[in-house]
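Good morning, colleagues. Please take a moment to look at the sequence and the structure on the screen before I begin.

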Amino acid sequence: MIVSLTAAALVPAADQGMAVQASTIKDIQNQIKDTQNQLDGINDKISSLTDEQDLVQERIDDLNSEIINTMTSIGIKEDEIAAKEAEIADKQTQIDLTQQEYEAAVERERQQQEDMAVRTRLMYENSKSTYLSIFLAGDGLADILNRMDYIEKIYEYDKQKLEEYIETQNQVQALWEQLEAEKTQLESDKSGLVADREALQSQKVNLDALLAEKKQESANYDAEIKKAQQEASVAKALLQQEQEQLKKLQAQQNQANSGGSTNAANGNYTSTSYTATIDNASGSDLGKKVAKYACQYIGNPYVSGGTSLTNGADCSGFTYRVYKDFGYNLPRTSYEQRSAGAAVSYEEAQPGDLICYDGHVGIYIGGGLIVHASSVRTGIKVSNANYRTILAVRRII
């Protein structure tokens, strides 16, 4: 469970008008441990919130892409609708022209029928006199037959023209009906395109709403992350103040125990939460003194290149300085320290032994634990010895 701290709860005591005080080194070490745990919890919360915000931002990016694609599709549909409307307008023009042709064909048919009716009536009414005049006017039977053949040809001509007009009318009628059907299909296609466009527009409205919702969600995460970062800043300030207090107490204790001497082997060490672990482990008294002495500095900072137990040391600088205070000169790097002293198996490890890893080193304190300068974030701390692959165990004492 992530502990959410209020600013008031984390404001350094010095900022509230009272100094951080602890009666013993153990007390201040416990305070540092609690504050560090609180800071770790806040950092975990920030990390979790950031991960969740990243997921929301990913969804925002996806939505932006979907909206762009939808708008593109809407534009395509609008172009297709415009093209259909142009086709419909062109088809209507063809229909209007065809209608005019149809009306002209009907008029020609009507006129032809009237002309035929007039000629037929005249021929019928005057048939007797006509035929008689043909006989009388003829120059013989051949001439009469020629005249009759002429009349027959007129009749056949009228009949043929009428049939042609009717055929033209039928063709125009068929074309008209085809154009009307094509226009109906085009209008149906346009209706489908309009429906597709409206569906896309509705989809865009939904996407816009979802995008606004996700942006608000991201803004909420921003606010939570900013609040947690402020809490972390306050916790860091408090942790720094507690570490400074620890340095002072440790310096005072070391001065009192050593009488000003730098030989830590003759000192008495304040009990820590790991004292019982060290005492219950098998090993030499001097090795246990090394382990207890090293544990005095739990909570102090990690500083790259440093060798100060109070102001900061890196992993090999920590082990180097602890052993130097006991009169032993170790090599300065973790790689070189991997060859210092005598090799023993991990099963034989005793308090004071060096536990060597790839690019790292710590001091064994018993119970499967090491004390080491871990990282900039955590400083000097206790960890399980097997938290990383062990490459060597070296006995210095």
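Let me start with a definition: contact means that heavy atoms lie within 4.5 Å. Helices (H or I, at least four residues) and strands (E, at least two) are DSSP runs, numbered from the N terminus. Axes are lines fitted to C-alpha atoms, for helices over the stretch in contact, and angles run from 0 to 180 degrees between N-to-C directions.

What you see is a predicted model, in which local features need pLDDT of at least 70 and side-chain atom pairs count only at pLDDT 80 or more, whereas totals for chains, interfaces and linings use all residues. Residues are numbered from 1 along each chain as its sequence is written, and side-chain values use heavy atoms, with hydrogens and water left out.

I turn to the sheet. In what order do the six strands of the open sheet run? The order is β3-β8-β4-β5-β6-β7, and the pairing is antiparallel; two strands pair if DSSP finds at least two bridges between them. Strands β3 (342–344) and β7 (379–384) stand at the edges with a single partner strand each, so one side of each has no neighbour in the sheet. On average, neighbouring strands of this sheet are turned by 40° against each other, direction ignored.

Next, the helices that lie across these strands. Helix α7 (residues 315–324) lies across β4 (354–357), β5, β6 and β7, and runs at about 50° to β5. Helix α6 (residues 285–295) lies across β5 and β6, at about 115° to β5.

Let us follow strand β4 and its partners. Four bridges join β4 to β5, and the two run antiparallel. They form a hairpin with two residues between them, and Gly-359 in the turn has a positive phi of about 75°. Leu-354 has Ile-363 as its bridge partner in β5, and Ile-363 in turn has Val-371 as its bridge partner in β6. Strands β5 (residues 360–366) and β6 (residues 369–375) are paired in the antiparallel sense over three bridges. Towards β8, strand β4 also pairs in the antiparallel sense over three bridges, and there the bridge partner of Ile-355 is Val-393.

Are the residues on the faces of β4 buried or exposed? Leu-354 and Cys-356 on one side, and Ile-355 and Tyr-357 on the other, are all buried, and both faces of the strand are thus covered. Here buried means under 20% relative accessible area, exposed over 50%, and partly exposed in between (1.4 Å probe, protein chains only).

Strand β8 (residues 392–395) brings us to Arg-394, which has its place there. Which side chain of opposite charge is nearest to Arg-394? It is Asp-353, at 9.4 Å, and Arg-394 is buried yet has no salt bridge. For charge, Lys and Arg count as positive and Asp and Glu as negative, while His and the chain ends are not counted. A salt bridge is a side-chain nitrogen of Lys or Arg within 4 Å of a carboxyl oxygen of Asp or Glu. A polar atom of the Arg-394 side chain lies 2.7 Å from the backbone oxygen of Ala-340, and the side chain of Arg-394 also reaches the backbone oxygen of Gly-341 at 2.9 Å. Leaving aside neighbours within four places in sequence, the residues in contact with Arg-394 include Gln-337, Ser-339, Asp-353 and Cys-356.

Now to the charged pairs. Side chains of opposite charge can pair when their charged atoms come close. The structure holds 14 salt bridges. One of them joins Asp-196 to Lys-77, with the closest N and O atoms 3.5 Å apart. This pair links distant parts of the chain, as Asp-196 is in helix α4 (residues 141–258) and Lys-77 in helix α2 (residues 25–125), 119 residues apart. Asp-196 is partly exposed, with a relative accessible area of 35%.

Within helix α4, Lys-204 and Asp-208 lie four residues apart, about one turn of the helix. Their salt bridge has its closest N and O atoms 2.8 Å apart, and Asp-208 counts as partly exposed at 31% relative accessibility.

Asp-325 and Arg-321 meet through their side chains in a salt bridge of 2.9 Å, N to O. Asp-325 is buried, with a relative accessible area of 8%, whereas Arg-321 counts as partly exposed at 31%.

I close with Gly-317, found in helix α7. Gly-317 is buried, with a relative accessible area of 0%. Leaving aside neighbours within four places in sequence, Gly-317 is in contact with Gly-306, Thr-307 and Arg-332. Gly-317 and Arg-332 are 15 residues apart in sequence, and their C-alpha atoms are 6.6 Å apart in space.

Terms used
A polar contact is a pair of N or O atoms within 3.5 Å; within protein, one must be able to donate a hydrogen and the other to accept it, and residues adjacent in sequence count only if both atoms are side-chain atoms.
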